[in-house]
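User: I am new to this structure and would like a close look at a single part of it, taken slowly and in connected prose.

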Amino acid sequence: MDDNFQLAREEIDRLRRLVPERADYNLNLWGAWRRADTGVAGYADHSTCLENMGGCAAAESSDHVYERECGRWAEIADVCIDGLPFEYRMAISHVYESSVWKFRSDALLEENLIEGARRFWIDAQRRGLV
């Protein structure tokens with residue numbers, strides 16, 4: 001693997017660790033949805049409990065239920081992110097959409113990401129994301 005790619009990947013991982021876990025989870029779903037990369041690998045061939053989706057589903061039906069719910073969560077996240085000031089949207093997009101926004105400094109990126117994620121998560125919880 002290219003050294004520059006590896007360094008960039010490590011930096012994105014470091015930035016994601018600055019965001020609280022549940023906010024990071026939902027922002028990551030949103031980023032995958034924005035990149036149209038919402039497929040899932042699947043589940044074991046036994047009944048699976050689907051957290052926050054109202055109970056259990058058989059494995060053969062759980063993939064499409066999970067994908068539909070992830071899409072709904074991503075749409076909610078998209079509305080929340082769209083309501084943020086530009087500098088926060090830019091930082092979130094840089095980290096979760098793999099965009100190429102340029103920041104004057106790493107500290108500015110971190111500051112905008114942390115505050116943007118905080119504001120996102122407040123609004124997202126108000127709209128029902130967990």
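How many residues does α2 have, and what span should they cover at 1.5 Å a residue? Please take that helix as the part to look at, and describe its surroundings as well.

Analyst: The model is a predicted one, and its confidence is the place to begin. The mean pLDDT of the protein is 83, and 77% of the residues reach 70 or more. Confidence varies between the elements, since strand β1, residues 48-50, has the lowest mean pLDDT among them, at 46, whereas helix α5, residues 106-126, has the highest, at 96. Over residues 42-51 the pLDDT stays under 50, and for that stretch the model has 21 contacts beyond four places in sequence.

Turning to your question, α2 has 14 residues, which at 1.5 Å a residue should span 20 Å, and because its end C-alpha atoms are 20 Å apart, the expected and modelled values agree. The helix covers residues 21-34. Its buried residues are Ala23, Asp24, Asn26, Leu27, Leu29, Trp30, Gly31 and Ala32. Just after the helix comes Ala36, which takes a positive phi of about 60°.

One of these buried residues, Gly31, deserves a separate look. Gly31 lies in helix α2, and it counts as buried because its relative accessible area is 0%, where the cut-off for buried is under 20%. Once its neighbours within four places in sequence are left aside, Gly31 is in contact with Tyr96 and Glu97. The C-alpha atoms of Gly31 and Glu97 are separated by 4.7 Å, although the two residues are 66 apart along the chain.

Tyr96 also leads to another pair of helices, as it belongs to the contact between α1 and α4, where Ile12, Leu15 and Arg16 in α1 meet His94, Val95 and Tyr96 in α4. Helix α1, residues 3-16, and helix α4, residues 86-96, pack with their axes 9 Å apart and at an angle of about 130°, which makes α1 oblique to α4. By class, four residues of this contact are nonpolar, one is polar and one is charged.

The helix you asked about has a partner of its own in α5, for the axes of α2 and α5 come within 10 Å and cross at roughly 85°. Since angles of 65 to 115 degrees count as roughly perpendicular, that crossing makes α2 roughly perpendicular to α5. On the α2 side the contact is made by Arg22, Ala23, Asn26 and Leu27, and on the α5 side by Ala117, Phe120 and Trp121. These residues divide into five nonpolar, one polar and one charged. Ala23, Asn26 and Leu27 are among the buried residues of α2, and the buried residues of α5 include Ala117, Phe120 and Trp121.

As for that partner itself, α5 has 21 residues and reaches 30 Å from its first C-alpha to its last, close to the 30 Å expected at 1.5 Å a residue. Elsewhere in α5, Leu109, Asn112, Leu113, Glu115, Gly116, Asp123 and Ala124 are also buried. The helix is followed by Gly128, whose phi is positive, near 105°.

A residue from the loop between α4 and α5 offers a contrast with Gly31, namely Lys102. Lys102 counts as exposed because its relative accessibility is 73%, the cut-off for exposed being over 50%. The C-alpha atoms of Lys102 and Ala91, which are 11 residues apart along the chain, are separated by 9.3 Å.

Notes
Residues numbered from 1 in each chain as written. Predicted model: local features only at pLDDT ≥ 70, side-chain atom pairs only at ≥ 80, totals over all residues. Heavy atoms only, no water. pLDDT = per-residue confidence, 0-100. Helix = DSSP H or I, 4+ residues; strand = E, 2+ residues; numbered from the N terminus. Contact = heavy atoms within 4.5 Å. Axes fitted to C-alpha atoms, helices over the stretch in contact; angles between N-to-C directions. Parallel < 35°, antiparallel > 145°, perpendicular 65-115°, else oblique. Nonpolar A, V, L, I, M, F, W, Y, C, P; charged D, E, K, R; others polar. Expected span 1.5 Å × (residues − 1). Buried < 20%, exposed > 50% of the residue type's maximum accessible area, 1.4 Å probe, protein only.
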